[in-house]
Amino acid sequence: MKALVYLAKGKKSLDERPKPEIAAPTDAIVKITRTTICGTDLHILKGDLASCKPGRILGHEGVGIVESVGAAVTVFKPGDHVLISCVSACGRCPYCRKQMYSHCTTGGWILGNTIDGTQAEFVRIPHADNSLYPIPKGADEEALVMLSDILPTGFECGVLNGKIEPGSTVAIVGAGPIGLATLLTAQFYSPAEIIMIDLDENRLEVAKRFGATSTVNSTDGKAAEAVMKMTGDRGVDTAIEAVGIPATFELCEKIVTAGGTIANIGVHGVKVDLHLERLWDHNISITTRLVDTVTIPMLFRTVASGKIDPALLITHRFKLDRILEAYETFGNAAKTKALKVIIEA
């Protein structure tokens, strides 16, 4: 089968790889119909995640059709259309019993990280009964790719961890796909203000269409001053970091109000300074989390009801044999105006 393979820092290729086989009774083999590229894949290619070794097939998002299942799989059968969770969960270990699926002792975020992932024609899904979701007939499967990772990530790591409440003031630092997914789901809780901060004017315009009440272009390095002016020097109740670099986390530290929350979403590959000399008396909370995908069923219902439309995040489409072009497009978003790219296998 064709698969996108991580070769070394900064190197990848579309290769021929053996089709996966059932390795455990709880496995399923899924024929990928659509997948996508995540910012985390770019972090891997930059060398930020030591857990992902050269030779790995990348990708942890997608939808497809079950081709075969292990003897212990009871929920799914060949021919079923399924959504693949980016997190694999056994459902039995101490962490899974707390619904902390990202820390599953035999699963977690392993797809496209420590085992081969979804940017291929076929993928092996461990713990299939707990790691796949049935897709209803007539659903927009392309849009549902957004439920594999970015919508639950934005909602769980940003909105829920950020303790967003009705009438609150929220700043989202980073208007990429994760930041925009956070923006869409933050509106479930009716905050009074959602300020989107980014370097890219196109993405800020998209954020306005998606419901941001204000935008700040941080190119001049004065984003903190702009946010403080907007909030009467009070700062924001929730500052959400959705990039994963020191500058954006430190910006959150500058704009959070006393008693507020900094919710980190971004994948950080280098150290970040925590300015306790300024924040020690501010009664703030700092939250970190890897998505557990426990909210996928709720998001399914929300999408089905028309409350949010994740298809809005899709800007480009490619066939699998053009996935290298898709990476170039996604990796140069400032020029290509890419948000999420759909790859059809």
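**Exercise 1. Thr293 and its surroundings**

Task: In this predicted model, find which residues Thr293 is in contact with, leaving aside neighbours within four places in sequence.

Solution.
- Step 1: Collect the partners. Thr293 is in contact with Ser85, Cys86, Val87, Tyr133, Ser148, Pro152 and Glu156, once neighbours within four places in sequence are set aside.
- Step 2: Place the residue. Thr293 sits in the loop between S13 and H11.
- Step 3: Decide whether it is buried or exposed. The relative accessible area of Thr293 is 1%, and buried means under 20%, so Thr293 is buried.
- Step 4: Look for a polar contact. The side chain of Thr293 makes one with the side chain of Ser85, at 3.0 Å.

**Exercise 2. Ser148, a partner of Thr293**

Task: Work out where Ser148 lies, whether Ser148 is buried or exposed, and which backbone atom its side chain reaches.

Solution.
- Step 1: Ser148 belongs to the loop between helix H4 (141–144) and helix H5 (150–160).
- Step 2: Its relative accessibility is 0%, so Ser148 counts as buried.
- Step 3: From its side chain, Ser148 reaches the backbone nitrogen of Gly62 at 3.0 Å.
- Step 4: Not counting residues up to four places away in sequence, Ser148 touches His60, Glu61, Gly62, Leu83, Ile84, Ser85, Cys86 and Thr293.
- Step 5: Compare the two lists. Ser85 and Cys86 appear among the partners of Ser148 and also among those of Thr293.

**Exercise 3. The cover around H5**

Task: Establish how many residues of H5 are buried and which elements they pack against.

Solution.
- Step 1: H5 is mostly covered, with 10 of its 11 residues buried.
- Step 2: Name them. The buried residues are Ile150, Leu151, Pro152, Thr153, Gly154, Phe155, Glu156, Cys157, Gly158 and Val159.
- Step 3: Find the packing partners. These buried residues pack against helix H6 (177–186), strand S11 (236–241), strand S12 (256–264), H11 and strand S15 (340–344).
- Step 4: Link back to Exercise 1. Pro152 and Glu156 are among the buried residues of H5, and both are in contact with Thr293.

**Exercise 4. Two exposed loop residues**

Task: For Thr288 and Pro166, determine the loop, the exposure and the contacts.

Solution.
- Step 1: Thr288 is in the loop between strand S13 (285–287) and helix H11 (296–304). Pro166 is in the loop between H5 and strand S8 (169–173).
- Step 2: Exposed means over 50% relative accessible area. Thr288 has 62% and is therefore exposed; Pro166 has 63% and is exposed too.
- Step 3: Beyond residues up to four places away in sequence, Thr288 touches Asn161 and Asn264. With neighbours within four places left aside, Pro166 is in contact with Tyr189 and Ser190.
- Step 4: Set sequence against space. Thr288 and Gly162 are 126 residues apart in sequence and 9.7 Å apart from C-alpha to C-alpha. For Pro166 and Val243, the figures are 77 residues and 25 Å.

**Exercise 5. Unusual backbone angles**

Task: What is phi of His127, and what is phi of Lys337?

Solution.
- Step 1: Recall the background. Most residues other than glycine have a negative phi.
- Step 2: Phi of His127 is near 50 degrees, a positive value. Phi of Lys337 is near 60 degrees, also a positive value.
- Step 3: Locate them. His127 lies in the loop between strand S6 (122–125) and helix H3 (128–131), while Lys337 lies in the loop between helix H13 (333–336) and S15.
- Step 4: Check the cover on His127. Its relative accessible area is 16%, so His127 is buried.

**Exercise 6. The whole chain**

Task: Compare the radius of gyration of the protein with that of a compact globule, then describe its contacts and surface.

Solution.
- Step 1: A compact globule with 345 residues would have a radius of gyration near 20 Å, and the protein agrees, with 20 Å.
- Step 2: Along the principal axes, the C-alpha atoms fill a box of roughly 60 × 40 × 40 Å.
- Step 3: The protein has 13 helices and 15 strands, and 55% of its 345 residues are buried.
- Step 4: Of the contacts between residues at least 6 apart in sequence, 69% join residues at least 24 apart.
- Step 5: The accessible surface is about 14600 Å², and 53% of it belongs to carbon and sulfur atoms.
- Step 6: Finish with charge. There are 36 positive and 39 negative side chains, and the centres of the two sets lie 2 Å apart.

Methods: Residues numbered from 1 in each chain as written. Predicted model: local features only at pLDDT ≥ 70, side-chain atom pairs only at ≥ 80, totals over all residues. Heavy atoms only, no water. Helix = DSSP H or I, 4+ residues; strand = E, 2+ residues; numbered from the N terminus. Buried < 20%, exposed > 50% of the residue type's maximum accessible area, 1.4 Å probe, protein only. Polar contact = N/O pair within 3.5 Å; in protein donor to acceptor, adjacent residues only side chain to side chain. Contact = heavy atoms within 4.5 Å. Rg over C-alpha atoms; globule rule 2.2 N^0.38 Å. Areas by Shrake-Rupley, 256 points an atom, 1.4 Å probe, with all protein chains shown as cover. Lys, Arg positive; Asp, Glu negative; His and termini not counted. Charge placed at Lys NZ, Arg CZ, Asp CG, Glu CD.
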